Amino acid sequence: MGIYPFPAAPEPSAEIPAREPAWTGLEITVLILFTAIAIGILTLAAAVAVGIVAIARRPGAIQNSELVLVAASVIGQTAGFGLGFGVTWGWLSAQHGVRFWQAIHWRKLRLETIGAVLLGGVVTMIGVQLLGHLLPIPSEVPMDRLFTPRTAWLLMIYGVGIAPFFEEFIFRGLIYPSLRATFALGMNRKELQSWHPLVRVLAAVGALACAWLQVRQRVLSPGARPSAIAIGVFFSLLLVLALPDAVIAPWGWVVNQLARLGRPETFAVAITGILFGMMHAAQLGWAWAAVLILILVGVVLTAVRVVTGSLMASWLFHCAYNGILFAAQYFATQEFRHFPPGLH
């Protein structure tokens, strides 16, 4: 049994098909991390560029900070997602010899299916609005502050025309099938060991960041005491750096226990929905009710992908959902001209 004190992955049987997708969860994790880093770097670069252009054209323009922020975010996120998309396409095609669009299940739909999917997006948005009246949704979340007469159109173009495709590609095109395969086949010792380098790198980066924040705090406030929580996190990360199995082994045990239940679709849909909701949590000020609603939306989007077998279906559903949301705001604010005082 060695250092892996958990049940082995379930033996393949006639009922379990060959692994699909062709890629591994580790590959997708690294590619998503690459995309996130690209978004951060390109957003920062876009903020500097947009700020310089705004000042050059009109010195007082930089006062419209929300416009600079939104423009930089839209440009940086679109460029980062695009770079990550291109790298993922190239990597999967080269390493696994797959037909990319076929591999992510981008399949054409019948006209009646397209109509049903679009209607489903509209109905879901209406249902979410009704549910919002029953839950303690904050009257204002951080995302609301970005909506002004100057930024609303740009946010609408991004929210309806750009973001849904990239989000569906990542969550329903990459993450969902990877989770489904993991919960169908479990994780063997070799696969778990392949995660060691990534876990060590992340632990090292986290430990360095934690140490830097403490040093910075001591420089800015010489009399301040070190945070007990920060010290605990720092040494925990050092432990993970030295013994990555402290994280990997328990995770493998849980995955293999769940795999034995024979419900890979259920677990994959639920976890994909949770990850989708948590990705938007910061935009929602970590308000639990608002995050819960987006988790439910993520589950519905993944279910659409499962039922139709097509990533195109969940993308159209997502576009319709966001489109109706922006349309409602368009009319509520008199064509994006009159926002509540607290929002601009």
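This report describes the overall fold, the nonpolar core and a surface patch of a predicted model.

**Overall fold**

The chain contains 12 helices and 0 strands, so every element in the order from the N terminus is α. With 344 residues, a compact globule would be expected to have a radius of gyration near 20 Å, and the 23 Å computed for the chain agrees with this. Contacts between residues 24 or more positions apart make up 83% of those with a separation of 6 or more. Further values for the whole chain are set out below.

| Property of the chain | Value |
|---|---|
| Box filled by the C-alpha atoms, along the principal axes | roughly 65 × 65 × 45 Å |
| Residues that count as buried | 41% of 344 residues |
| Exposed area | about 18,700 Å² |
| Share of exposed area from carbon and sulfur atoms | 71% |

**Nonpolar core**

The largest nonpolar core comprises 68 residues, and Trp-23, Leu-92, Ile-104, Phe-169, Leu-174, Trp-195 and Val-297 have the most contacts inside it. Helix H5 (residues 152-185) contributes the largest share of this core, namely 14 residues. Apart from neighbours within four places in sequence, Trp-23 touches Ile-28, Leu-92, His-96, Ala-103, Ile-104, Gly-173, Leu-174, Pro-177 and Ser-178.

**Surface patch**

On the surface, a nonpolar patch is formed by Trp-212, Leu-213, Val-215, Val-219 and Leu-220, which together have about 560 Å² of accessible area. Leu-220 belongs to helix H7 (residues 196-220). Leu-220 counts as exposed because its relative accessibility is 56%, and the exposed class begins over 50%.

Conventions:
Residues numbered from 1 in each chain as written. Predicted model: local features only at pLDDT ≥ 70, side-chain atom pairs only at ≥ 80, totals over all residues. Heavy atoms only, no water. Patch = residues over 30% accessible without salt bridge, like charges linked within 9 Å, V, L, I, M, F, W, Y side chains within 5 Å. Areas by Shrake-Rupley, 256 points an atom, 1.4 Å probe, with all protein chains shown as cover. Salt bridge = Lys/Arg side-chain N within 4 Å of Asp/Glu carboxyl O. Helix = DSSP H or I, 4+ residues; strand = E, 2+ residues; numbered from the N terminus. Buried < 20%, exposed > 50% of the residue type's maximum accessible area, 1.4 Å probe, protein only. Core = buried A, V, L, I, M, F, W, Y, C linked by side-chain atoms within 4.5 Å. Contact = heavy atoms within 4.5 Å. Rg over C-alpha atoms; globule rule 2.2 N^0.38 Å.
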